[in-house]
Amino acid sequence: MNAFIQGLPKVELHLHIEGSLEPELLFTLAQRNNINLPYSSPEALRKAYEFDDLQSFLDIYYQGANALITEQDFYDLTWAYLQRCHSDKVMHTEIFFDPQTHTERGIAFDTVINGIYRALQDGQHKLAISSHIIMCFLRHLSEESAIDTLKRALDHKDKIIGVGLDSSEQGHPPKKFQNVFTQARDEGFLTVAHAGEEGPAQNIVDAIDILGVSRVDHGVRCVDSPELLDSLVESQMPLTVCPLSNIKLRVFDDMSQHNIVELLRRGVAVTINSDDPAYFGGYMTDNFQAVSAAHAMTYNELAQFTLNAIDASFIDPSLKHEYRRRVEEYLGKSI
Ligand code: ADE
Ligand code: ZN
């Protein structure tokens, strides 16, 4: 089973590029940028990655992002992630970035997006990995700040396919960002949002109805509402589920309690993703393996996660067709 998972072609739809900053690269960047870290080594930093909930993670994650200063830093961060994608057989990735985390501390929007974009272009040319960029608004900040960020993104419309919503879900419901999401859609951006990770099922309903999202990020709390669950099956609204993240942030007690396989079997369009792999103990293959170790699944079920992700992606139809063909060819060889 592990060999099947390793070779399975994959598509990632929920990855915060700042969350792929491994302790070793963090130390290299801190040294390069003359930043003092309150840890003696990458190993000591890694040991500090014990979280009680989403907020306790976010506090450490925003601290780590402070080491990213230059365009080359953002390039190196993204390039390191793409190399992991290459080993994990990821054909396509749609990555989030949090511009406000950087602009709030004086880093130019252009510095961030240009570094990420240049690495993704190299990923396409040198590793044959296709990609899109989604810009997330931080929900603990105001809607005015999100609107200001949207304005800055207009010069980079050619590089950014959509907008999303992340950070602290509790106390910051989708409705707070209704206006900025309407403006983003009017400008032609697709929309997604984190909802139902720690927050209630109603946030999933509101992300769909008020923010007009094409996908829900996480969404695992949908099981609290039987009507919502039925409507997700009916509409085939995709959920970008992040199994190892949910265990690390204690959304579920352990992987055997995780509902992703139950949702798959109910006919919900669930996908497997890594969220913040440097902090949660694994990239795409690790996430597939962790789910498969806790829940017996067939090859077809495992491949269905990739087929769901291809359908849910923002790739154009001809490339979707090619990626489906690769999965079917792989299945044909494996069975
Ligand atoms: N930012 C980075 N990872 C996140 C997560 N899992 N939930 C909300 N915001 C995030
Ligand atoms: Zn996330």
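This note walks through selected helices, loops and residues of a predicted model.

1. **The annotated domain.** An unreviewed UniProt entry lists "domain: Adenosine deaminase" at residues 9-329. In the model, that span is 51% helix and 15% strand. The C-alpha atoms at its two ends lie 10 Å apart.

2. **Helices α2 and α5.** Two packed helices are described by the angle between their axes and the distance between the axes. Take helix α2, residues 23-32, and helix α5, residues 71-87. Their axes come within 11 Å and cross at roughly 170 degrees. An angle over 145 degrees counts as roughly antiparallel, and α2 and α5 are therefore roughly antiparallel to each other. The crossing of α2 past α5 is right-handed. On the α2 side, the contact is made by L25, L29 and R32. On the α5 side, it is made by Q72, D73, D76, L77 and A80. Sorted by class, this contact has 4 nonpolar, 1 polar and 3 charged residues.

3. **The buried side of α2.** Which residues of α2 are buried? They are P23, L25, L26, F27, L29 and A30. These buried residues pack against α5, and also against α3 (42-47) and α4 (54-65). L25 and L29 appear in the contact with α5 as well. An α-helix has 3.6 residues a turn, so residues three or four places apart point the same way.

4. **After α2: N34.** Helix α2 is followed by N34. This residue sits in the loop between α2 and α3. Its phi is near 55 degrees, a positive value in a residue other than glycine. N34 has a relative accessible area of 72%. The cut-off for exposed is over 50%, so N34 is exposed.

5. **A second positive phi: Q236.** Q236 is in the loop between α11 (226-235) and β7 (239-241). Here too phi is positive in a residue other than glycine, near 55 degrees. Is Q236 buried, exposed or partly exposed? Q236 is partly exposed, with a relative accessible area of 39%.

6. **P238, in the loop with Q236.** P238 also lies between α11 and β7. P238 is buried, at a relative accessible area of 10%. Setting aside neighbours within four places in sequence, P238 contacts S214, R215, V216, A269 and A312. V268 is 30 residues from P238 along the chain, yet their C-alpha atoms are separated by 7.3 Å.

7. **H86 in helix α5.** H86 belongs to helix α5, the partner of α2 in point 2. H86 is partly exposed, with a relative accessible area of 45%. Not counting residues up to four places away in sequence, H86 touches L127 and I129. S214 is 128 residues from H86 along the chain, and 27 Å separates their C-alpha atoms. S214 is one of the residues in contact with P238.

8. **Helix α8 and its surroundings.** Helix α8 covers residues 143-153. Its buried residues are E143, S145, A146, I147, T149, L150 and A153. What do they pack against? The helices are α6 (99-103), α7 (109-127) and α9 (178-186). The strands are β3 (130-138) and β4 (160-166).

9. **The annotated binding site, D276.** The unreviewed UniProt entry places a "binding site" feature at D276. Where is D276? D276 is in the loop between β8 (270-272) and α14 (277-280). D276 is buried, with a relative accessible area of 2%. Leaving aside neighbours within four places in sequence, its contacts are H16, G19, F57 and Y61.

10. **Helices α16 and α17.** Helix α16 spans residues 299-312, and helix α17 spans residues 317-334. Their axes come within 10 Å and cross at roughly 175 degrees. The two helices are therefore roughly antiparallel to each other. From α16, the contact takes in Y299, N300, A303, T306, L307, I310 and D311. From α17, it takes in K320, Y323, R324, V327, E328, L331 and S334. By class, this contact has 7 nonpolar, 3 polar and 4 charged residues.

Definitions and conventions: Residues numbered from 1 in each chain as written. Chains lettered and ligands numbered in written order. Predicted model: local features only at pLDDT ≥ 70, side-chain atom pairs only at ≥ 80, totals over all residues. Heavy atoms only, no water. UniProt positions renumbered as here; feature names shortened; annotations may be inferred. Helix = DSSP H or I, 4+ residues; strand = E, 2+ residues; numbered from the N terminus. Axes fitted to C-alpha atoms, helices over the stretch in contact; angles between N-to-C directions. Parallel < 35°, antiparallel > 145°, perpendicular 65-115°, else oblique. Left-handed = near helix turned anticlockwise from the far one by under 90°. Contact = heavy atoms within 4.5 Å. Nonpolar A, V, L, I, M, F, W, Y, C, P; charged D, E, K, R; others polar. Buried < 20%, exposed > 50% of the residue type's maximum accessible area, 1.4 Å probe, protein only.
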